[in-house]
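This report introduces a structure to a reader who has not met it before. Please look over the sequence and the model before reading on.

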Amino acid sequence: MTTNDVTDIYEEFGAERLPPGQHRTDDFPVLSKSGRPDWDPDTWDFTVTGAVEDPLTFSWPEFRDLRAETQRQDFHCVTGWSKFDCEFTGVPFAELAERAGVHDDACHVMFVALDDYTTDLPLEACMRDEVLFAWGYDGEDLPPDHGGPLRVVTPHKYAYKGAKWVCGVEFLTEPERGFWERRGYSVSANPWAEERYS
Ligand SMILES: Nc1nc2c(c(=O)[nH]1)N[C@H]1C(S)=C(S)[C@@H](COP(=O)(O)O)O[C@H]1N2
Ligand SMILES: [Mo]
């Protein structure tokens, strides 16, 4: 599979690849609100619900059969570290949105995860090519602590927008707040504008 390098997306947002107030790390720290949830590949399913024509459900094998791509992306945590050149493999958000047929009045998206984590983003922020439901990292299965079997990646946003252990996406006709957004973190979360808090 060829790798699409999208690390230049920063040019759209700021002068420097490293967003202001961030430092680079070569490690990949783990940040989870409540540890790693169990998942059972036999009962796991992934749902697309809300303001769509056709709600969708995928089993794990069905999800793994969807067309996937590999991208080289940067990863920015709101606590101040950034990790460059992460290779994620997964299914583009837009692919699932297209299959479900998103209603015209949908404006926001809520991601739901196995540990009851939630996070929301404006729909337009999700329809970018770099937003993936990722099951691979650096050529291997995504490690469980980093959200395996499946997580969202959002290289244009602070990483709390990328739900680990994601199991559903709901299209909303009004904004709602997810786990960190309810606790004062930014809804828009643009790292180059240092949108950390709201
Ligand atoms: N399901 C779930 N997703 C989550 C979190 C979480 O606690 N639960 N933490 C978020 C936060 S605050 C960050 S910085 C990134 C961390 O991803 P990492 O552990 O792979 O570095 O995951 C985000 N996604
Ligand atoms: Mo975070």
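For what follows, Ala, Val, Leu, Ile, Met, Phe, Trp, Tyr, Cys and Pro count as nonpolar, Asp, Glu, Lys and Arg as charged, and the others, Gly among them, as polar. The model is a predicted one. With these classes, the shell around ligand 1 consists of 14 nonpolar, 3 polar and 4 charged residues.

**The ligand and its surroundings**

Ligand 1 sits in the largest pocket. It has 21 residues around it, and of these Pro29, Lys33, His146, Arg151 and Lys164 come nearest. Polar contacts of ligand 1 include those in the table, where a pair of N or O atoms counts if the two are within 3.5 Å.

| Atom of ligand 1 | Partner in the protein | Distance |
|---|---|---|
| oxygen atom | N or O atom in the side chain of His146 | 2.6 Å |
| nitrogen atom | polar backbone atom of Gly162 | 2.8 Å |
| oxygen atom | polar backbone atom of Leu31 | 2.9 Å |

On its own, ligand 1 has 530 Å² of accessible area, and the protein covers 98% of that area. His146 thus appears twice in this account: it is among the residues that come nearest to ligand 1, and its side chain makes a contact of 2.6 Å with an oxygen atom of the ligand.

**Aromatic pairs**

The structure holds 25 aromatic pairs. A pair of aromatic rings is described by the distance of the centres and the angle of the planes. One of the pairs is formed by Phe63 and Phe133, with 6.4 Å from centre to centre and 85° between the planes, an edge-to-face arrangement. Phe63 belongs to helix α1 (residues 60-64) and Phe133 to strand β9 (residues 132-137), so this pair ties together parts that are 70 residues apart in sequence.

**Backbone features**

Two places in the backbone may be noted. Gly148 and Pro149 are joined by a cis peptide bond, with omega at about 20°. Pro149 is found in the loop between β10 (140-141) and β11 (151-153). Ala189, a residue other than glycine, has a positive phi, near 55°. Ala189 has its place in the segment after α4 (179-182).

How values were computed. Residues numbered from 1 in each chain as written. Chains lettered and ligands numbered in written order. Predicted model: local features only at pLDDT ≥ 70, side-chain atom pairs only at ≥ 80, totals over all residues. Heavy atoms only, no water. Near = heavy atom within 4 Å. Polar contact = N/O pair within 3.5 Å; in protein donor to acceptor, adjacent residues only side chain to side chain. Areas by Shrake-Rupley, 256 points an atom, 1.4 Å probe, with all protein chains shown as cover. 1 Å grid on protein atoms, 1.4 Å probe; cavity = no way out; pocket = protein on both sides within 12 Å on 5 of 7 lines; lining within 4 Å. Sits in = over half its atoms within 2 Å of the grid points. Phe/Tyr/Trp six-rings, centres within 6.5 Å; stacked < 30°, edge-to-face > 60°. Helix = DSSP H or I, 4+ residues; strand = E, 2+ residues; numbered from the N terminus.
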